[in-house]
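Work through these short exercises with the structure open beside you. Try each task before reading its solution.

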Amino acid sequence: MSVTHTLEADVLRRQDPQLADILHGELDRQSTTLQLIAAENFTSPAVLAALGSPLANKYAEGYPGSRYHGGCEMVDVAERLAVERARDLFGAEHANVQSHSGSSAVLAAYAALLRPGDTVLALGLPYGGHLTHGSPANFSGRWFDFVPYGVDAETGLIDHDQVRTLARTHRPKAIVCGSIAYPRHIDHAFFREVADEVGAYLIADAAHPIGLVAGGAAPSPVPYADIVCATTHKVLRGPRGGMLLCGSDLAERVDRAVFPFTQGGAQMHTVAAKAVAFGEAATPAFAAYAHQVVANARTLAAGLAAQGLVVTTGGTDTHLITADPSPLGVDGRTARLRLAAAGVVLDCCALPHGDVRGLRLGTAAVTTQGMGEEEMVRVAALIARVLRGEGESHTAREEVRELAGGFPPYPR
Ligand SMILES: *Cc1c(COP(=O)(O)O)cnc(C)c1O
């Protein structure tokens, strides 16, 4: 059986040309537009190969050495390898690599530490908290009593005084630090200190920066948090999925919280692909990549600011930028649509000051393609031109096609 990745699978084209066309259409879209969605990246062909492997066939409830199914000899080795590599990569005593997604990892962290009705302090959704940080539309907001902290409206930085005051007033069972849109490093030592003062657990939701942590380009939450939740598919560049890191003291609670409390059988092809990604992330080449991601984001942020956009916190420490395009005469939503028409793909997000919608961008994917700071200067200028409505929109689309064409994400 072929273990090559889907894009090379002639078998799919022969059997199901309709779906093969869809896959190739998506590859074409990814190769001819600019992927500036902060949560996206291009996994390696090796990761795709593991995802498209016969491990997808295997049922494996439980953990290596104690499964509810027979025939787990090989997948046990794969999962042990993934766990070992994750532990080594992040210097954690324990790793659980079975979470199906970042949200599942957060759910498991809550399940390990909390009971329904417990009070939890987390960054409010309007300031960049994730759905799982207390949204009423999510289990978190329904089952726990979330108290939101915010960011300073002027600086865009987490309001540490407010965090401390709210912690003292509400005595939460857990404090969550981590965000979908915070461009700066999080002060884990500060959160640990506040958690200790009020006797709370500290959960770091490092879904975004964990890849920078792996490459030594961002400070690690591992020495400070009781549990670190993360995704494996953002800057970390692995398969779509989640993971949890913790000390040996919480290992058993975390494992039980994932299986059997919140999930069934592990997806062993994804677990194997996570092992591949952890192996890649441990290389000097990945460290260089992570630092380039940040350098590119800083250059892109400076470029956008020079073009008149208001960049939240004045810049970035990470792969992620949020910016208000309104000085150029467009709101966030219009800006996103205009940019999409030009082939520049990014998200809208809430901005700290009031209910203005802004833009959220990230440099993980374009850096994987090999783009550098020179290209980021060009991208900033291009974005500003599109937002100002200068020139024909098809000219911008052509320029994007030409730029992306120079940096194919996969060999063709
Ligand atoms: C992306 C993200 C998640 C959720 O990950 P999914 O894989 O989409 O479920 C959770 N928390 C934070 C902070 C994130 O950025």
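The exercises below concern a predicted model.

**Exercise 1. The two domains**

Find where the protein chain is divided, and say how far apart the C-alpha centres of the domains lie.

Solution.
- Step 1: Split the chain. Domain 1 covers 54–281, and domain 2 covers 284–405.
- Step 2: Take the C-alpha centre of each domain. The two centres are 28 Å apart.
- Step 3: List the residues in contact. Domain 1 contributes 26 residues, and domain 2 contributes 24.

**Exercise 2. The buried area**

State how much area domain 1 and domain 2 bury between them, and which residues of domain 1 lose the most.

Solution.
- Step 1: Recall the usual yardstick. Interface size is often given as the accessible area lost when the parts come together.
- Step 2: Apply it here. The two domains bury about 2,000 Å² between them. Carbon and sulfur atoms carry 62% of that area.
- Step 3: Rank the residues on the domain 1 side. Pro-183, Arg-184 and Arg-237 lose the most area to domain 2. Together they make up 31% of what that side buries.

**Exercise 3. Polar links across the interface**

Count the salt bridges and polar contacts between the domains, then describe the domain 1 side by element and by class.

Solution.
- Step 1: Apply the salt-bridge rule, with a cut-off of 4 Å between side-chain nitrogen and carboxyl oxygen. Across the interface, 1 salt bridge is found.
- Step 2: Look at Arg-184 again. Its side chain meets that of Asp-317 in a salt bridge, at 2.9 Å from N to O.
- Step 3: Count polar contacts. There are 11 residue pairs across the interface, with both residues at pLDDT 80 or more.
- Step 4: Assign elements. On the domain 1 side, α9 (210–214) and α11 (268–281) each give two or more residues. The largest share, 3 residues, comes from α9.
- Step 5: Sort by class. This side has 15 nonpolar, 7 polar and 4 charged residues.

**Exercise 4. An open sheet**

Give the strand order of the open sheet of 4 strands, and explain why one side of β11 and of β14 is left without a neighbour.

Solution.
- Step 1: Read the order. It is β11-β12-β15-β14, with antiparallel pairing.
- Step 2: Go to the edges. β11 (310–311) and β14 (347–350) each have a single partner strand, so one side of each has no neighbour in the sheet.
- Step 3: Check one pairing. β11 and β12 (residues 320–324) run antiparallel and are joined by 2 bridges. Val-310 has Asp-324 of β12 as its bridge partner.

**Exercise 5. A helix pair and two backbone exceptions**

Locate the salt bridge of Glu-197, the cis peptide bond and the positive phi of Arg-171.

Solution.
- Step 1: Start from the total, which is 18 salt bridges. One pair is Glu-197 and Arg-164, at 3.6 Å from N to O. Glu-197 sits in helix α8 (residues 188–198) and Arg-164 in helix α7 (residues 160–170), 33 residues apart.
- Step 2: Recall the background. Most residues other than glycine have a negative phi, and most peptide bonds are trans.
- Step 3: Find the cis bond. It joins Phe-259 and Pro-260, with omega about 10°. Pro-260 belongs to helix α10 (residues 248–262).
- Step 4: Find the positive phi. Arg-171 has a phi near 45°. Arg-171 lies in the loop between α7 and β7 (174–177).

Terms used:
Residues numbered from 1 in each chain as written. Predicted model: local features only at pLDDT ≥ 70, side-chain atom pairs only at ≥ 80, totals over all residues. Heavy atoms only, no water. Domains from an automatic or database assignment. Contact = heavy atoms within 4.5 Å. Buried area = accessible area lost by both parts, 1.4 Å probe. Polar contact = N/O pair within 3.5 Å; in protein donor to acceptor, adjacent residues only side chain to side chain. Nonpolar A, V, L, I, M, F, W, Y, C, P; charged D, E, K, R; others polar. Pairing = 2+ DSSP bridges.
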